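I opened this model to look up its fold, its nonpolar core and a handful of side-chain pairings. My notes are kept in the order in which I looked.

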Amino acid sequence: MTNPDRLLVDISALVESGQSNQMSLTVVVGGAVITGRLAPEAVWRERVSEVLNDSDRLGPFSAVFGAEPAAGGGPGDGDRGGPPAYLHFHLARILQGNIGIPETGGMYRVAIEDVSAWTVGDVSYSDH
């Protein structure tokens with residue numbers, strides 16, 4: 001989207017305000033369907049940092065996610081002024097046919113302006 005969907009921006013802003021981390025959302029980005037639950041950026045960054053820190057090979061990257069973003073990081077970068085520019089998914093899966101990748105859910109950051117379609121809720125899938 002050239003102009004981000006204002007309703008989607010408002011949903012993200014509510015999640016960022018810390019009032020809810022229960023919002024399930026499904027989006028289409030570049031033809032991929034991503035479904036999961038939204039998290040505030042700070043919570044998302046902390047969790048990614050923890051996962052990276054537990055890795056022998058990727059541990060050094062943990063600090064990038066754990067550090068506070070630079071002040072004036074740009075519009076929509078968390079709580080640094082302006083509306084949110086990104087959706088931060090946790091427990092998310094990319095739907096491919098009748099399976100979700102990864103099965104256990106992953107951590108995805110999606111630019112709101114790249115979302116071409118969305119719906120409220122976590123789209124389930126089944127191999128039955």
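The entries below go from the whole chain to single residues.

**Entry 1: ground rules.** I noted that this is a predicted model, in which local features need pLDDT of at least 70, side-chain atom pairs count only at pLDDT 80 or more, and totals for chains, interfaces and linings use all residues. Residues are numbered from 1 along each chain as its sequence is written, and side-chain values use heavy atoms, with hydrogens and water left out.

**Entry 2: the chain as a whole.** I found three helices and five strands, taking helices (H or I, at least four residues) and strands (E, at least two) as DSSP runs numbered from the N terminus. Their order along the sequence is α-β-β-α-α-β-β-β. I then looked up burial, where buried means under 20% relative accessible area, exposed over 50%, and partly exposed in between (1.4 Å probe, protein chains only); by that rule 30% of the 128 residues are buried. For contacts, meaning heavy atoms within 4.5 Å, I considered those with a separation of 6 or more, and 59% of them join residues 24 or more positions apart. The accessible surface is about 7,600 Å², with 54% of it belonging to carbon and sulfur atoms; such areas come from the Shrake-Rupley method with a 1.4 Å probe, and for residues only the protein chains shown count as cover.

**Entry 3: the nonpolar core.** I recalled that in soluble globular proteins nonpolar side chains tend to be buried together. A nonpolar core is here a set of buried Ala, Val, Leu, Ile, Met, Phe, Trp, Tyr and Cys residues joined through side-chain atoms within 4.5 Å. The largest one has 14 residues, of which Leu 25, Val 27, Leu 38, Leu 87 and Phe 89 touch the most other members. Two or more residues of this core come from each of α1 (6-16), β1 (24-29), β2 (32-38) and β3 (86-96), and α1 gives the most, with four. I followed Leu 87 further: setting aside residues up to four places away in sequence, Leu 87 touches ten-odd positions that I list in part, among them Leu 8, Ser 12, Tyr 108, Ile 112 and Val 115.**Entry 4: Thr 26.** Thr 26 is found in strand β1 and is buried, with a relative accessible area of 5%. I looked for polar contacts, each a pair of N or O atoms within 3.5 Å, where within protein one must be able to donate a hydrogen and the other to accept it, and where residues adjacent in sequence count only if both atoms are side-chain atoms. The side chain of Thr 26 makes one with the side chain of Thr 35 at 2.7 Å, and a polar atom of the Thr 26 side chain lies 2.7 Å from the backbone oxygen of Gly 121. Beyond neighbours within four places in sequence, the contacts of Thr 26 include Val 33, Ala 117, Trp 118 and Val 123.

**Entry 5: Ile 101.** I placed Ile 101 in strand β4 (residues 99-111), where it counts as partly exposed at 42% relative accessibility. Its C-alpha atom is separated by 9.3 Å from that of Ile 34, although the two are 67 residues apart along the chain. Leaving aside neighbours within four places in sequence, Ile 101 is in contact with Ala 92, Arg 93, Ile 94, Gln 96 and Tyr 108.

**Entry 6: salt bridges.** Side chains of opposite charge can pair when their charged atoms come close. Taking a salt bridge as a side-chain nitrogen of Lys or Arg within 4 Å of a carboxyl oxygen of Asp or Glu, I noted five in the structure. One of them joins Asp 10 and Arg 6, with the closest N and O atoms 3.1 Å apart; the two are four residues apart in helix α1, and therefore separated by about one helical turn. Asp 10 is partly exposed, at 38% relative accessible area. Another joins Glu 50 and Arg 47 (3.4 Å, N to O), which both lie in helix α2, three residues apart, about one turn of the helix. Glu 50 is partly exposed at 35%, and Arg 47 is partly exposed at 41%.

Which parts of the chain does the pair Arg 93 and Asp 122 link? Their side chains meet in a salt bridge (3.3 Å, N to O), and the parts are distant ones, with Arg 93 in strand β3 and Asp 122 in the segment after β5 (115-120), 29 residues apart. Arg 93 is buried, with a relative accessible area of 11%, whereas Asp 122 is partly exposed at 36%. I also noted that salt bridges sharing partners join Glu 41, Arg 45 and Arg 109 into one network.

**Entry 7: a surface patch.** Last, I looked at a nonpolar patch on the surface formed by Leu 58, Phe 61 and Val 64, with about 290 Å² of accessible area together. Patches are made of residues with over 30% relative accessible area and no salt bridge, with like charges joined within 9 Å and nonpolar side chains (Val, Leu, Ile, Met, Phe, Trp, Tyr) within 5 Å. Leu 58 is found in the loop between α2 (41-53) and α3 (62-66), and is partly exposed at 36% relative accessible area.
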